[in-house]
Amino acid sequence: MDVPDYRLAFEMAPVGLVISRNRTMVDCNRQVCEMFGASREVLIGQSFRILYPSADEYERLGKHMEPILNARGHYADNRIMKRASGEVFWCHVSGRALNREAPHESGIWSFEDLSSQRSVKAELTGREREVAARLLDGLTSKEIGRALDISHRTVEIYRARLMRKYAASTAADLVQKLMAG
């Protein structure tokens, strides 16, 4: 019986894959390199921080994901990431902790570029990107507030800013424009 070539499957996967330890990339496939516009040599040994638009978003998302990874062992969301060129894009990120008690200790993560379905047109702050991502998940202001550990009124302020930036007249119009880019 032939032994499956897991390395080939890892390299040829239709999504980007990263193996991590303590939020550092220890291996990645060619799809990740193409998606983020960086060579394997550049990415291996680097913190995931280089894939985020800001250090603040990297820290906040890491803190947000930790209890979820601890409880469920896996995590997924859509978020804005950053290519080596500085271009930002929507990305579906999904991961699994190999040790739920220490969720950032080691894991496997997949990255799917959503830019063909959704582009980033407006210049957004880190917090606006977080609120936008959760609006696209269908969360209410109160649910977003709980998820981001901010008040629902603060979420309303960010939603109003997003509505101005996207020239949206209603919340539904904003979500439609965010989906369109």
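**Exercise 1. The sheet**

How many bridges join strand β1 to strand β5, and in which direction do the two strands run relative to each other? Place the pair in its sheet.

*Solution.* The structure is a predicted model, and the exercise starts from a single strand pair. Step one: strand β1, residues 16-21, is joined to strand β5, residues 106-113, by six bridges, and the two run antiparallel. Within this pair, S20 stands opposite G107 of β5. Step two: the pair belongs to an open sheet of five strands, whose order is β2-β1-β5-β4-β3 and whose pairing is antiparallel. Step three: the edges of the sheet are β2 (24-28) and β3 (74-82), each of which pairs on one side only. On average, and with direction ignored, neighbouring strands of this sheet are turned by 30 degrees against each other.

**Exercise 2. The hairpin of β3 and β4**

Describe how β3 and β4 pair, and find the residue with a positive phi in their hairpin.

*Solution.* Step one: nine bridges connect β3 and β4, again in the antiparallel sense, and one bridge partnership is that of I80 with W90 in β4. Step two: five residues lie between the strands of this hairpin, in which G86 takes a positive phi near 100 degrees.

**Exercise 3. Helices across the sheet**

Which strands does helix α4 lie across, and which does helix α5 lie across?

*Solution.* Step one: helix α4 (residues 55-72) lies across β3, β4 (88-97) and β5, and it runs at about 160 degrees to β3. Step two: helix α5 (residues 126-136) lies across β3 and β4, running at about 75 degrees to β4. Step three concerns R72, which has its place in helix α4. With a relative accessible area of 53%, R72 counts as exposed, since the cut-off for that class is over 50%. R72 and R96 are 24 residues apart in sequence, while their C-alpha atoms are 8.9 Å apart in space.

**Exercise 4. The two sides of α6**

Where around the axis of α6 do its buried residues lie, and what do they pack against?

*Solution.* Step one: in helix α6 (residues 141-148), the buried residues are S141, I144, G145 and L148. Because these residues cover an arc of only 100 degrees around the axis, they are on the same side of α6. Step two: the general rule behind such a pattern is that an α-helix has 3.6 residues a turn, so residues three or four places apart point the same way. Step three: the buried residues of α6 pack against α5 and α7 (152-165), whereas the face turned away from the buried side carries the exposed residues K142 and R146. Just after α6, D149 takes a positive phi of about 60 degrees.

**Exercise 5. Two helix crossings**

Work out how α6 is oriented to α7 and α5 to α8, and state the class of the residues in each contact.

*Solution.* Step one: the axes of α6 and α7 come within 8 Å and cross at roughly 110 degrees, and these helices are therefore roughly perpendicular to each other. The contact is made by S141, K142, I144 and G145 of α6 together with H152, V155, E156 and R159 of α7; by class, it has two nonpolar, three polar and three charged residues. Step two: the axes of α5 and helix α8 (residues 171-180) come within 10 Å and cross at roughly 105 degrees, so α5 and α8 are also roughly perpendicular. Here A132, L135 and L136 of α5 meet L174, V175, L178 and M179 of α8, and this contact has seven nonpolar residues, with no polar and no charged ones.

Technical notes: Residues numbered from 1 in each chain as written. Predicted model: local features only at pLDDT ≥ 70, side-chain atom pairs only at ≥ 80, totals over all residues. Heavy atoms only, no water. Pairing = 2+ DSSP bridges. Helix = DSSP H or I, 4+ residues; strand = E, 2+ residues; numbered from the N terminus. Axes fitted to C-alpha atoms, helices over the stretch in contact; angles between N-to-C directions. Contact = heavy atoms within 4.5 Å. Buried < 20%, exposed > 50% of the residue type's maximum accessible area, 1.4 Å probe, protein only. Arc of directions from axis to C-beta. Parallel < 35°, antiparallel > 145°, perpendicular 65-115°, else oblique. Nonpolar A, V, L, I, M, F, W, Y, C, P; charged D, E, K, R; others polar.
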